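Hi,

Here is the structure I promised to pass on. Have a look first, and my notes follow below.

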Amino acid sequence: DTEYTRQADRLYQIFRRFVLSYMDCYYPTAKDVAADQELQYFFIQFLRQTELSVGHMGLDPSTIQDPNIIRDFYADAMANFMWVVSAGHEQCGNISPYVQDASFCAFKW
């Protein structure tokens, strides 16, 4: 348990709440989410295209029967997308410290 993991989880939960509230605007019930064929096809295609990273997990939303689990699956997936493209990239791809002072970096000049 570190400050980073606590903050990362807090941000993820904010994204998840946002996604769920957004979904509530278009899908009043979990059954409505589960009945949306286009949403199912979107995630099936996503899982197929990311086969190397998540395909081995055997995830297929069309095989899940409980509408609440389906709704949570979609919400978690979208919240995860949001986290990765924002905080994840900030954590892993931020080079501003290197630009500010590269003297501590192990570069060969």
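**What I found**

I64 is partly exposed, at 24% relative accessible area; on this scale buried means under 20%, exposed over 50%, and partly exposed in between, using a 1.4 Å probe and protein chains only. I64 sits in the loop between α4 (51-54) and α5, and its C-alpha lies 9.0 Å from that of A34, though 30 residues separate the two in sequence.

Before going on, a word on the basis: this is a predicted model, where local features need pLDDT of at least 70 and side-chain atom pairs count only at pLDDT 80 or more, while totals for chains, interfaces and linings use all residues. Residues are numbered from 1 along each chain as its sequence is written, and side-chain values use heavy atoms, with hydrogens and water left out.

**Overall layout**

The protein has six helices and zero strands, so the pattern along the sequence reads α-α-α-α-α-α, with helices (H or I, at least four residues) and strands (E, at least two) taken as DSSP runs numbered from the N terminus. Of its 109 residues, 27% count as buried. F73 is one residue that counts as buried, at 17% relative accessibility, and its place is in helix α5. The C-alpha atoms of F73 and F43 are 9.8 Å apart, with their positions 30 residues apart along the chain.

**Salt bridges**

How many salt bridges does a search of the whole structure find? It finds four, counting a side-chain nitrogen of Lys or Arg within 4 Å of a carboxyl oxygen of Asp or Glu. Here are three pairs to look at.

- R16 and D72 meet through their side chains at 3.3 Å, N to O. R16 lies in helix α1 and D72 in helix α5, so this pair ties together parts that are 56 residues apart in sequence.
- R16 also pairs with D76, where the closest N and O atoms are 2.4 Å apart. D76 lies in helix α5 and R16 in helix α1, so parts 60 residues apart in sequence are tied together.
- D24 and R71 form a salt bridge with their closest N and O atoms 3.2 Å apart. This pair links distant parts of the chain, with D24 in helix α1 and R71 in helix α5, 47 residues apart.

On the arginine side, R16 counts as buried at 17% relative accessibility, and R71 counts as buried at 18%. The acids are partly exposed: D24 has a relative accessible area of 38%, D72 has 30% and D76 has 28%. Going back to the shared partners, salt bridges join R16, D72 and D76 into one network.

**The largest pocket**

Next, the empty space. Rolling a probe the size of a water molecule over the atoms shows where such space is left. The largest pocket holds about 210 Å³. For the method, a 1 Å grid is laid over the protein atoms alone, and a pocket is an open set of points where a 1.4 Å probe fits, with protein on both sides within 12 Å along at least five of seven lines; lining residues have an atom within 4 Å of a point. Grid points are joined across faces, edges and corners, and the volume is the space filled by probe spheres set on the points.

Which residues line the largest pocket? They are F18, V19, Y22, M23, Y26, Y27, L39, F43, Y74, M78 and M82. Two or more residues each come from α1 (3-26), α3 (37-49) and α5 (67-93), and α1 gives the largest share, five residues. The lining divides into eleven nonpolar residues, no polar and no charged, where Ala, Val, Leu, Ile, Met, Phe, Trp, Tyr, Cys and Pro count as nonpolar, Asp, Glu, Lys and Arg as charged, and the others, Gly among them, as polar.

**A nonpolar patch**

F18, Y22 and Y26 form a nonpolar patch on the surface, with about 380 Å² of accessible area together. Patch residues have over 30% relative accessible area and no salt bridge, with nonpolar side chains (Val, Leu, Ile, Met, Phe, Trp, Tyr) joined within 5 Å and like charges within 9 Å. The areas come from the Shrake-Rupley method with a 1.4 Å probe, and for residues only the protein chains shown count as cover. F18 lies in helix α1 and is partly exposed, with a relative accessible area of 46%.

Best wishes
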